[in-house]
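Subject: Structure handover

Hello,

Here is the structure I promised to pass on. Please open it alongside this note, and then read on for what turned up.

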Amino acid sequence: MSNTLKTALPGGFKPEGRHLWRPYTQMKTAQPALPVVSAGGVRLNLADGRSLIDGVSSWWTTVHGYSHPHIVGAICDQVERLSHVMLGGLTHAPAERLAARLAALAPGDLDHVFFCESGSVSVEIAMKMAVQSWINRGVHGRTRFVCFRGGYHGDTIATMSVCDPEEGMHALFAGSLPQQIVADLPQDSESTARFEALLDAHAHEIAGVVTEPLVQGAGGMRFFSPETLRTIRAACDARGLPLIVDEIMTGFGRLGTMFACEKAGIVPDVMTVSKALTGGTLPLAAAIASRGMFEHFWRDEASAALMHGPTYMGNPAACAAANASLDLFEREPRLDQVAQIEAAYARLLPPARDIPGVVDVRWQGAIGVIEMPGLPELDALKSGFVEAGVWVRPFGNIVYLMPPYVISQEDLEHLIRTTVAVTRAWAEHHFGAG
């Protein structure tokens, strides 16, 4: 297609910014994106001179704030010496060191770290591990996964299949996805009995169980109890089923412990991590397997090896960033900062309960949530936050906060109060003043 034809595409297609296809966006009707020219601490600096407090940590990644000098320095130093090298037949110190540190941090016997570039892919790798672990033992036909209503694990084909099947983001692809087994979370005796009966009914075909720990993130920031996670672990143990715990959103302190599964005192067979792993700087993820899972691949036969290998897995610069991020968890009071954020929610979020239409107000760790019956005219609400000087991205039926852990008390209180005030003004317009 010539440049002349490109500029003459139908449907009101604008020449400006026409090449960048944005995520989760109907490009024909979308509002213009806000150009960010720099960021530091908890602030995003826009091209027009405005500065916004980031209330969602760039999709839950920038736990140390933007451009932390320790992480930036580690990346620059690493790129000058070794920017990338394949892990096929080669290795390097940043990946070896990071794998050892993650194994030491992870609960129980989660000792074997397989790197990749994105959270979705880490979940796919975990699923692949579970399926092949059966094959390597001579058991065939176990290819399906049990997942939970309200869950979310990514946007790739396999991970979409273990998300909530009714959730709007992925329902369009239902006919093209592998058919998994969807259960309700076992939160009481009745739902536990149904869950266990489901496991027994499909015992011959289940490869494993996949869950988020304690909070279903993109499914609506729904919290559930540690006892529920313990129930899932016990049901898997009783049937010899691998449990995959997706800590992509909750890992690295989000709920007040380094990993959310620690709150329940359970150890999964595979744990996936990403997002905050590099402090929001470079793409990196990992599937961390238990010794028991790894032993299914520790064979003389080449065919028993895990046949997976992303090109950029264990990228040295990304591993250097992750090692620097872990340094900051060791040197600076990140978990105490999460506790301070949670305390601020407890003081400042309850007034949101009398906002017209509010269904629920809840918080845990660094996550604060205002749930509505729906969010009509979502663009207007988003614009209201920007005009008030904060970057908050509501979705589904929730307005939520998940700021960088390093946010100052002053900025945190301003962020929470502003979020409540803007949500109130918007709700009064749409649901009445009560």
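One term before we start: contact, or touching, means heavy atoms within 4.5 Å. Please also keep in mind that this is a predicted model.

**First set of annotated positions**

The UniProt record, an unreviewed entry, lists W59, Y152, K275, G309 and R393 under "binding site". These positions are spread over 335 residues of sequence. They are also spread in space, with up to 34.1 Å between C-alpha atoms.

Two of them are worth a visit, starting with R393. R393 sits in the loop between strand 15 (390-391) and strand 16 (398-401). R393 is partly exposed, because its relative accessibility is 35% and that class lies between the 20% and 50% cut-offs. What does R393 touch, not counting residues up to four places away in sequence? The answer is V56, K382 and Y400.

Now go to K275. The loop that holds K275 runs between strand 11 (270-273) and strand 12 (285-290). K275 has 25% relative accessibility, so it also counts as partly exposed. Leave aside its neighbours within four places in sequence, and K275 is in contact with W59, W60, T61, I248, M249, G280 and L284. W59 deserves a closer look here. Its backbone oxygen lies 3.3 Å from a polar atom of the K275 side chain. Both W59 and K275 are on the UniProt list given above.

**Second set of annotated positions**

The same label, "binding site", appears in UniProt (unreviewed entry) for G119, S120, D246, P310 and T311. These span 193 residues in sequence. Their farthest two C-alpha atoms are 22.6 Å apart, so the five do not all gather at one spot.

P310 and T311 make a good pair to look at. P310 is in the loop between helix 10 (291-295) and helix 11 (316-331). T311 is in the loop between helix 10 and helix 11 too. Are they buried or exposed? P310 counts as buried, at 13% relative accessibility. T311 counts as exposed, at 59%. The cut-offs explain why: buried means under 20%, exposed over 50%.

Their contacts can be listed briefly, again without residues up to four places away in sequence. P310 touches F114, F115, C116 and E117. T311 is in contact with H84 and E117. E117 therefore appears on both lists, given the 4.5 Å limit for contact.

**A helix crossing**

Last stop: helix 13 (residues 378-387) and helix 14 (residues 409-431). Two packed helices are described by the angle between their axes and the distance between the axes. In this case the axes come within 10 Å and cross at roughly 140 degrees. The crossing is right-handed.

Which residues make the contact? Helix 13 supplies L381, G384 and F385. Helix 14 supplies T419, V422, T423 and W426. By type, the contact has 4 nonpolar residues, 3 polar and no charged.

Finish on T419, which lies in helix 14. T419 is buried, because its relative accessible area is 1% and the limit for buried is under 20%. Its contacts, apart from neighbours within four places in sequence, are F385, V392, V399 and L401. One of these, F385, belongs to the helix 13 side of the crossing.

Best wishes

Conventions. Residues numbered from 1 in each chain as written. Predicted model: local features only at pLDDT ≥ 70, side-chain atom pairs only at ≥ 80, totals over all residues. Heavy atoms only, no water. Axes fitted to C-alpha atoms, helices over the stretch in contact; angles between N-to-C directions. Helix = DSSP H or I, 4+ residues; strand = E, 2+ residues; numbered from the N terminus. Left-handed = near helix turned anticlockwise from the far one by under 90°. Nonpolar A, V, L, I, M, F, W, Y, C, P; charged D, E, K, R; others polar. Buried < 20%, exposed > 50% of the residue type's maximum accessible area, 1.4 Å probe, protein only. UniProt positions renumbered as here; feature names shortened; annotations may be inferred. Polar contact = N/O pair within 3.5 Å; in protein donor to acceptor, adjacent residues only side chain to side chain.
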